[in-house]
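Biologist: Could you walk me through this fold, slowly, as if for a first-year student?

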Amino acid sequence: MRKVFIVNSSYDYERMFEAHGWMVVSDVELADLIQFTGGEDVHPSFYDERPHQFSFSNIHRDNYEIPFFQYGITNSIPMAGICRGGQFLNVMNGGRMYQHVSKHTGSHKALYAVDGREVYVTSTHHQMMRPGPSGEVFLTAQMGGMKEFMPHPLDPSNKPIINAIDEDDVEGVFYPNSRTVCFQPHPEFRDHEELATFYFEVINKFLF
């Protein structure tokens, strides 16, 4: 039985893992997988941008979670993140964020690049990953929404930069060097068993 350590855990995450045959452990040293969870935005200082007016960051949480990421890297433990957890891992791997996006507050179709399947996902995020150079995008959507990012802190402009709305929306990224899966949808939500099954398929495909 595989073991997972869940950073900032909650009942819904523990229930999901246990329902799929995993053991939830309270000691990261016992883990086969480190799982990061949803929550506040990653502070934009970690990817060299000014904060957007709609960014709601918690730098204390970022600083708390960074040692777990470093532990995973040092000990070659695969890591996965859901929603904010995926965004956090994307940033830790050299990616950036669209700090404000639209049309990602419900269920929609996404394309799984591995086999061309369409899957239904549920999103509740207002930010979106901009993968780093080594990131491999495996899940995308085409919601046609607005995407905004911000200038570098030393840039005199403080106005959001709006990206083209016809660009694919990135929902899942894999970083092979760190064995990291970044997954923006919410498989832990109750009554989303098909999405949870797909999430564990992704984990098994990329991490084990």
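Modeller: We will go through the sheet, then a helix that packs on it, and then some salt bridges. This is a predicted model, in which local features need pLDDT of at least 70 and side-chain atom pairs count only at pLDDT 80 or more, while totals for chains, interfaces and linings use all residues. Residues are numbered from 1 along each chain as its sequence is written, and side-chain values use heavy atoms, with hydrogens and water left out.

Biologist: OK, what is the order of the strands in the sheet?

Modeller: The open sheet has nine strands in the order 2-1-3-4-14-13-10-7-8, with mixed pairing. Strands here are DSSP runs of E with at least two residues, helices are runs of H or I with at least four, both numbered from the N terminus, and two strands pair if DSSP finds at least two bridges between them.

Biologist: And which are the edge strands?

Modeller: Those are strand 2 (23-25) and strand 8 (117-122), each of which pairs on one side only.

Biologist: What does helix 1 touch on the sheet?

Modeller: Helix 1 (residues 11-19) touches strand 1 (3-7), strand 2, strand 3 (33-36) and strand 4 (79-82), where contact means heavy atoms within 4.5 Å.

Biologist: Which residues of helix 1 are buried?

Modeller: Tyr-13, Met-16 and Phe-17 are the buried residues of helix 1, where buried means under 20% relative accessible area, exposed over 50% and partly exposed in between, with a 1.4 Å probe and protein chains only. They cover an arc of only 95 degrees around the axis, so they lie on the same side of helix 1; the arc is that of the directions from the helix axis to the C-beta atoms. The face turned away from that buried side carries the exposed residues Tyr-11, Glu-18 and Ala-19.

Biologist: Switching topic, how many salt bridges are there?

Modeller: The count comes to 10 salt bridges, each being a side-chain nitrogen of Lys or Arg within 4 Å of a carboxyl oxygen of Asp or Glu. In one of them Arg-84 meets Asp-62, with the closest N and O atoms 2.9 Å apart. Arg-84 lies in helix 3 and Asp-62 in helix 2 (residues 59-74), so the pair ties together parts that are 22 residues apart in sequence.

Biologist: Is Arg-84 buried or exposed?

Modeller: Arg-84 counts as buried at 1% relative accessibility, and Asp-62 counts as buried at 0%.

Biologist: What about Glu-201 and Arg-117?

Modeller: Their side chains meet in a salt bridge at 2.4 Å, N to O, and the pair links helix 4, which holds Glu-201, to strand 8, which holds Arg-117, 84 residues apart.

Key: Axes fitted to C-alpha atoms, helices over the stretch in contact; angles between N-to-C directions.
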